[in-house]
Amino acid sequence: MVSLFVSPSEAERDSLRQMVGYDSNSEVRDRMIVATAGEATENLAAIVATGVNELIVNLPMIKSVEPIHEAADVLKAATA
Amino acid sequence: MATYGLQLPDFSWIVDADPPTTMDRLRSVAEIAEDSGFSSMWVMDHLLQLPPLGGPAASILEGYVALGALAALTRRVELGTLVTGVTYRNPAHLAKQIASLDAMTGGRAILGIGAAWYDVEHAAYGWDFPPVKERFGRLREAVTICRGMFDNETFTFEGTSGSWRSSTSTAPRLVERRPM
């Protein structure tokens, strides 16, 4: 399982990185993708390429259903 | 082709609406997940929210109640916890919850179980939080009990702790044998 935060906004991505200690904690970096949709697709596709059967993501800090749509688009592309 | 699943770690935006619309929001999430191709939905099994997600003051739904709601709101996705702490429930009770969820969903329940870790939560709810070696021993016993109850019409077990004794009918049975 990996935490997935997708945003086109660099400011939003930086804010989340700071909140979770992304840059200072390797365990956080190992478990979390904070990226644009394109970058996230590449990262997840690399995981799929290792042979995993199912990718499970959680979506931290969501406050609406829209990030679920965005995550699904990324996951569809990464697993295609 | 790999499939993909969705874990819901944060219920505060679902629960804290005014006026309350918890089931409406949960229905929206379930419909979007199924329509978007997710193959599974997962909830945490915690009674206190984790610190990075708001901590103990934040709203969080009890996991198996939330899964019961998702059972009614979905038709296709598999449902489970990531993961249930072994210290939270008598394992035979847990097996019954999973078998009930499985029956309600036509075979879509998955048991996710681990050794538990959230010491603050255990203190708040008055649960034992033994050392990690004992928790893994309990996990081994719990998996044995759940597997035994899932695979047999009746099942008897007496663990090393003595208090973990189970001798019971297992109905309803799982629709099909499933991984844990």
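The following paragraphs lead from chain A, through the sheet that it shares with chain B, to the interface and the nonpolar core.

The structure is a predicted model, in which local features need pLDDT of at least 70 and side-chain atom pairs count only at pLDDT 80 or more, while totals for chains, interfaces and linings use all residues. Residues are numbered from 1 along each chain as its sequence is written, and chains are lettered from A and ligands numbered from 1 in the order in which they are written.

Chain A contains 4 helices and 3 strands; helices (H or I, at least four residues) and strands (E, at least two) are DSSP runs, numbered from the N terminus. Along the sequence these elements follow the pattern β-α-α-β-α-β-α. The C-alpha trace of chain A spans about 30 × 30 × 20 Å along its principal axes. Its radius of gyration is 12 Å, which agrees with the value near 12 Å for a compact globule of 80 residues; the radius is taken over C-alpha atoms, and the globule rule is 2.2 Å times the number of residues to the power 0.38. Of the 80 residues of chain A, 21% count as buried. A residue is buried if 20 or more other C-beta atoms, placed from the backbone, lie within 10 Å of its own. Among contacts in chain A between residues at least 6 apart in sequence, 62% join residues at least 24 apart, a contact being a pair of residues whose C-beta atoms, placed from the backbone, lie within 7 Å.

The sheet extends over both chains. Its 7 strands form an open sheet with parallel pairing, in the order β2(A)-β1(A)-β3(A)-β1(B)-β2(B)-β3(B)-β5(B); two strands pair if DSSP finds at least two bridges between them. The edge strands, each pairing on one side only, are β2 (32-35) of chain A and β5 (109-110) of chain B.

Within chain A, β1(A) and β2(A) run parallel and are paired over 4 bridges, with A:Val6 opposite A:Ala35. Another 2 bridges join β1(A) to β3(A), also parallel, and here A:Val2 has A:Val57 as its bridge partner. Helix α3 (residues 37-49) of chain A lies across β1, β2 and β3 of that chain, at about 150° to β2(A); axes are lines fitted to C-alpha atoms, for helices over the stretch in contact, and angles run from 0 to 180 degrees between N-to-C directions.

Where do the chains join in the sheet? Strand β3 (residues 54-58) of chain A is linked to β1(B) by 5 bridges in the parallel sense, with A:Glu54 opposite B:Thr3. Further along, β2(B) pairs with β3 (residues 78-81) of chain B over 4 bridges, and B:Ser40 is partnered there by B:Glu78.

At the interface, 23 residues of chain B are in contact with 21 residues of chain A. The elements giving two or more residues to the chain B side are β1 (3-8), α2 (22-35) and β2 (40-43), and β1(B) gives the largest share, 5 residues.

The largest nonpolar core has 54 residues, and those touching the most other members are A:Val57, A:Leu75, B:Ala33, B:Met41, B:Leu67, B:Leu79 and B:Ala95. Such a core is a set of buried Ala, Val, Leu, Ile, Met, Phe, Trp, Tyr and Cys residues joined through C-beta atoms within 7 Å. Not counting residues up to four places away in sequence, A:Leu75 touches A:Leu44, A:Leu55, A:Val57 and B:Tyr4.

Conventions. Two residues are in contact if their C-beta atoms, placed from the backbone, lie within 7 Å. A residue is buried if 20 or more other C-beta atoms lie within 10 Å of its own, exposed if 12 or fewer, and partly exposed in between; C-beta atoms are placed from the backbone.
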